[in-house]
Amino acid sequence: MEPVQGGAEAVLKLQPNTSVSIAYHPLFGPHDDLMLLELDEKLVPDFLHQSVTLRGQPDEDAVLCTESKTYALKFVGTSNSVCLIPPTDQSISEDATTLLSSNDKTTVVSSVLKVAPGCMELVEVAPRLDKLKMLLSKNPYSFDDEDKASEMDISESLYTWDDLVESVQASDEELRSGLQALPAAEINGYWRILDGKYMDGLLNMLLHNSVLKNWSLDALVENDVLQVLEGDGFPKKIARHCLEVYAVRDEEEEGSVWRMDEKKICVHFAREILKGGKKMKVEGFMEEWRRKIPDGMDASFEMLEGEVLTETIGIEAWVYAFSVSSLSSVPAERFSKLFQERAKWEWKDLQPYVRDLRVPGMSLEGLLLKYTRRTQPTADSEPVFSAR
């Protein structure tokens, strides 16, 4: 009988209708530091190029992140015995990997280091970005920051990119998208959201200068805007952030030319009018809103989908702020908050508050089936949704 190479190689080279002997490795045991991980083929390159990370704090369930996606780690048990056999070069001694057969022929066997009770599977999940907003909301950038910029204590709830990567369970790409959606800016190496009063002052100064200097809101020259706002006391980087939030770069124009986004400007002033839980009659609100927006812009109530709700008290309609941006991205928490606000929702009112929900492998219709109860009194009437 010819000797057979031991270790994992012997198992990998098995031919059909053949077998290999196995034995306990001298270090056989539970080895809790060794886990099996089942991978989709498309993820193999990410692992081979070491572009995956495990993210999470000690009190959180760990997630695995590639450069663009986030995956939950799920343990799946098995009733079969799954043996882990190390390569030959990891064998401890020849005595541990050989058995003498009859006629003094030697057969090398494979040594089992561990019997795995199951394996880990990856399930794509939505990035957990609610924590990002919570962290950055602790210390928004305000006028006070400029007064104490030279003496700022960097330990004051400020976060660098590396800090956010360490704290937020999201891939790098998802984290960047989350920062842009807030929106946040990197200021002196730290990611910050701007205080509402500061952003309102900055935007109003930009619009005021556009009138004084006869700038077209459809063709703002970046260098001119930054230079003037810097002269008014706003750091150049923050002034540019204002353009990124409220304007769109005109790619057809040479140089850096921006066009103010009518909807974003109008929504900003609607929020300012209704902030602090203020409730107004619709007619009065519309009158004040149109008075505040820049000349040439047209405010329409349709712009405020997902920003405000209306209710009828007696014969009068009232409006108040209720922004989708204030709601959790976790579906169960989102629907709970929605049904606390209203016991029943018509689809035209509900849709702006759920269309941004993203759960890999589940459609919006699936979420509605899971979290709501739909009723429709007649075939041609609007469906109404209530809590399941």
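In this predicted model, M280 has V319 in β17 as its bridge partner. That pair belongs to a wider match: β15 and β17 (residues 316–321) run antiparallel and are joined by 3 bridges. Zooming out, the two strands sit in an open sheet of 3 strands, ordered β15-β17-β16, with antiparallel pairing. β15 (279–281) and β16 (308–313) are the edge strands, each pairing on one side only. From one strand to the next, the twist averages 30°. Helix α11 (residues 262–274) packs on this sheet and touches β15, β16 and β17, its direction making about 100° with that of β17.

The sheet also ties in with the hydrophobic interior. F285 touches both partners of the bridge mentioned above, M280 and V319, along with A270, I273, L274, F301 and L304, leaving out residues up to four places away in sequence. F285 is also among the residues that touch the most other members of the largest nonpolar core, together with L202, M260 and W289; this core holds 46 residues. Elements giving two or more residues to the core are β10 (185–187), α8 (196–212), α9 (222–231), α10 (236–246), β14 (257–260), α11 and α12 (282–292). Of these, α11 gives the most, with 7 residues. A second core of 16 residues is separate and includes F322, L350, Y353 and L367.

Next comes S323, found in the loop between β17 and α13 (331–341). Loop or not, S323 has a relative accessible area of 13%, so it counts as buried, the cut-off being under 20%. Its side chain makes a polar contact of 2.7 Å with the side chain of S325. Beyond neighbours within four places in sequence, S323 is in contact with R271, G306, E307 and Y353. Of those, Y353 turns up again in the second core, while R271 falls within the residue range of α11.

Elsewhere in the chain, R55 lies in strand β3 (residues 53–55). Arginine or not, R55 counts as buried because its relative accessibility is 9%. Two polar contacts of its side chain can be picked out. One, at 3.0 Å, joins it to the side chain of T53. In the other, a polar atom of the R55 side chain lies 2.5 Å from the backbone oxygen of A170. A170 also appears among the residues in contact with R55 once neighbours within four places in sequence are set aside; the full list is A62, V63, C65, V165, V168, Q169, A170, S171 and D172.

Note on methods. Residues are numbered from 1 along each chain as its sequence is written. This is a predicted model: local features need pLDDT of at least 70, side-chain atom pairs count only at pLDDT 80 or more; totals for chains, interfaces and linings use all residues. Side-chain values use heavy atoms; hydrogens and water are left out. Two strands pair if DSSP finds at least two bridges between them. Helices (H or I, at least four residues) and strands (E, at least two) are DSSP runs, numbered from the N terminus. Axes are lines fitted to C-alpha atoms, for helices over the stretch in contact, and angles run from 0 to 180 degrees between N-to-C directions. Contact means heavy atoms within 4.5 Å. Buried means under 20% relative accessible area, exposed over 50%, partly exposed in between (1.4 Å probe, protein chains only). A polar contact is a pair of N or O atoms within 3.5 Å; within protein, one must be able to donate a hydrogen and the other to accept it, and residues adjacent in sequence count only if both atoms are side-chain atoms. A nonpolar core is a set of buried Ala, Val, Leu, Ile, Met, Phe, Trp, Tyr and Cys residues joined through side-chain atoms within 4.5 Å.
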